[in-house]
Amino acid sequence: MGSVLEDAATGRPLWGVDLATLTGALSGDALFTALRAEAQEQEADADTARRAPLTRVRATALLARPWWLPVFEGLDPYTDAVTALRQVTTAPEAVVPFPYDWRLAVSYNGALLARAANAHLERWRQRVAAAPEWAAAGGSRPRLVFVAHSMGGLVVRAALEQDLELAADTRAVVTVGTPFLGSAKSVLALNLLHAQAKPNRLVRRVQEMAATLPGVHDLLPGYRCLDLGLDVERLTPADVARFGGDADLAARSLDGHARHRWEGFVLPGHRAVIGEAQPTVQTLEEQRAGGAAVVAGRRHAFDVEEDGELVRDPTTGIPARRDASGDGTVHLPSARTGTEAVTYVYGQHGTLMRHDEVLRQIRRIALERPQGVHLGGDGTGPGLQTPELGGVLGVPLTLTATGLDSPAGVTLSVHSATTGRPGHPMTLRRDPERADGALSAHFTAEVPDLYRVVLDTGRHTPLTQLVLVTEPDA
């Protein structure tokens, strides 16, 4: 969801420009309605993109300012990542951002990316051929490197699956927090109305929009994620519809997961950069509330034997549960699928592309330098947890630091992400309501705004997350 969208006919911004569409009590209603996918947009696939691309909504740029939405939480701009890559290329135009309409199917956007990538590679090869000193220095024909965050990695995979010649022309694919097996959070976003979450107005807008979007359904978990107590099952289209989504869109997404399990397309030169140690929803548990199917997120996963059977406690036969960790949105098994070349960082999903270690890694890969040995992947380390539905003006927000033995030497601060107004350090204390020894602090906003929470342990790159505070519903 990191691309700016606008109405193609009027030029009116629809997404990623004016934060007032989220913070205002009424201002975003029309825009969220405009973002819902129409029937033609729901049906669009790779063939549609090749024959007659849709024109109602236009993706104009990557996010250039912080953004936020319930459940998925903060999204940081991609400006730093683009700048970091342009600093290590022969010319700035070697790096081309690819914004896309994230509302639509991954297969549709993959076809558009394949076309854009082929055109970019051809232009660059012509430029290199016209500069003898570049050709001599390179010693080989130019190839592509894709750097993709979150859903972007799925779009790259779709592009290269659809165009095997493009895959052969690709030197490396760097994915950052890509949910190859899906993300359980997508189900929580579809279930918001059933869960009767607050603040009501913004939550209602997001759920009603998400339920129509192929792109959100393409993030559905394809792994066994529905915890039934004595067993764990994969989602079915009927499950998704019961939880607030669309059965047809879910069927297309889950069929895609099944195909990837059987075919196992390998991304060329795939390196994965993954956030870990953050409290992450990994599985789902269905509950009943007034006749509605309410989904609760659980921070544990299940292991599967080579024969596909669940690992169970030998004494009780109950499926063994463990915290597989993740970046707050994507759990580790989903993000590292398809490669053993993995770098782990302590970071939140939506802010990874501004993370110093992530930027260092993508520069090293672009320069064909070794990544080195990076231990990690066990889920231990500092974590940050903020209210995933945001907050309401005047009501204290609970901000939590996990994985720390003591608050000594640790600072937690909050400041405005839109104005840069400095905030005040928070006091972290043991949270008596948490059994994991977490540290918590409470923050009460004085004005509606998008706030940046920063946790600095003094030993690692500071962890950051965004949280939106709105006025109470009218």
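Here are some exercises, with worked solutions, on the predicted model shown above.

**Exercise 1. The open sheet**

Find the open sheet of four strands and work out which strands stand at its edges.

*Solution.*
- Start with the order of the strands, which is β16-β18-β22-β21, with antiparallel pairing.
- Next, look at the two ends of that order: β16 (383-385) and β21 (429-430) stand at the edges. Each has a single partner strand, so one side of each is left without a neighbour in the sheet.
- Now follow β16 to its partner. The antiparallel pairing of β16 with β18 (residues 397-402) runs over three bridges.
- To see one bridge up close, pick L384, whose bridge partner in β18 is A401.

**Exercise 2. A threonine in β18 and a threonine in β3**

For T402 and T60, decide whether each is buried, partly exposed or exposed, and list what each one touches.

*Solution.*
- Begin with T402, a residue of strand β18. Its relative accessible area is 9%, and because buried means under 20%, T402 is buried.
- Then gather the contacts of T402, skipping residues up to four places away in sequence. The list holds A277, P279, G381, P382, G383, L384, R434, D436 and A438.
- Two residues of that list, R434 and D436, also meet each other through their side chains in a salt bridge (2.8 Å, N to O). R434 has a relative accessible area of 24% and is partly exposed.
- Move on to T60, which sits in strand β3 (residues 57-62). With a relative accessible area of 37%, T60 is partly exposed.
- Under the same skipping of sequence neighbours, T60 touches V4, E6 and P99.
- Finally, check the backbone beside T60: its C-alpha atom is 6.1 Å from that of L5, although 55 residues separate the two along the chain.

**Exercise 3. Helix α17**

Which residues of helix α17 are buried, and what do they pack against?

*Solution.*
- Locate the helix at residues 356-366.
- Pick out its buried residues: E357, V358, L359, Q361, I362 and I365.
- Look outward from these residues to the elements they pack against, which are α5 (79-86), β6 (144-149), β7 (170-176), β10 (270-276) and β15 (342-346).
- Last, step past the end of the helix to E368, which follows α17 and has a positive phi, near 60°.

**Exercise 4. Two salt bridges to compare**

The count of salt bridges in the model comes to 25. For R50 with D47, and for R321 with D227, describe where the partners lie and how accessible they are.

*Solution.*
- Take R50 and D47, whose closest N and O atoms are 3.1 Å apart. Both belong to helix α4 (residues 46-51), three residues apart, about one turn of the helix.
- A general point helps here: an α-helix has 3.6 residues a turn, so residues three or four places apart point the same way.
- Check accessibility: R50, at 45%, is partly exposed, and D47, at 40%, is partly exposed.
- Turn to R321 and D227, with side chains that meet at 2.9 Å, N to O. This pair links distant parts of the chain, with R321 in strand β14 (residues 321-322) and D227 in strand β8 (residues 226-227), 94 residues apart.
- Check accessibility again: R321 is partly exposed at 35%, whereas D227 is buried at 8%.
- To round off the topic, find the network of salt bridges that links E38, E41, R56, D101 and R103.

**Exercise 5. Nonpolar cores**

Which residues of the largest nonpolar core touch the most other members?

*Solution.*
- The core has 91 residues, and the ones to mark are M1, W15, W102, F146, L160 and L284.
- Helix α8 (residues 151-162) gives the most to this core, with seven residues.
- Zoom in on W102. Leaving aside neighbours within four places in sequence, its contacts include M1, L5, W15, M151, M209 and L213.
- Apart from this core lies another one, of 20 residues, among them A401, V410, L439 and L463.

**Exercise 6. A cavity**

What lines the second largest cavity?

*Solution.*
- Two cavities of 30 Å³ or more are counted, and the second largest has about 30 Å³ of space.
- Its lining is made of M1, L69, F72, A189, V206, M209, A210 and V216.
- Sort the lining by element: helix α12 (residues 200-210) gives the largest share, three residues.

Methods: Residues are numbered from 1 along each chain as its sequence is written. This is a predicted model: local features need pLDDT of at least 70, side-chain atom pairs count only at pLDDT 80 or more; totals for chains, interfaces and linings use all residues. Side-chain values use heavy atoms; hydrogens and water are left out. Two strands pair if DSSP finds at least two bridges between them. Buried means under 20% relative accessible area, exposed over 50%, partly exposed in between (1.4 Å probe, protein chains only). Contact means heavy atoms within 4.5 Å. A salt bridge is a side-chain nitrogen of Lys or Arg within 4 Å of a carboxyl oxygen of Asp or Glu. A nonpolar core is a set of buried Ala, Val, Leu, Ile, Met, Phe, Trp, Tyr and Cys residues joined through side-chain atoms within 4.5 Å. On a 1 Å grid over the protein atoms alone, a cavity is a set of points where a 1.4 Å probe fits but cannot get out, and a pocket is an open set with protein on both sides within 12 Å along at least five of seven lines; lining residues have an atom within 4 Å of a point. Grid points are joined across faces, edges and corners, and a volume is the space filled by probe spheres set on the points.
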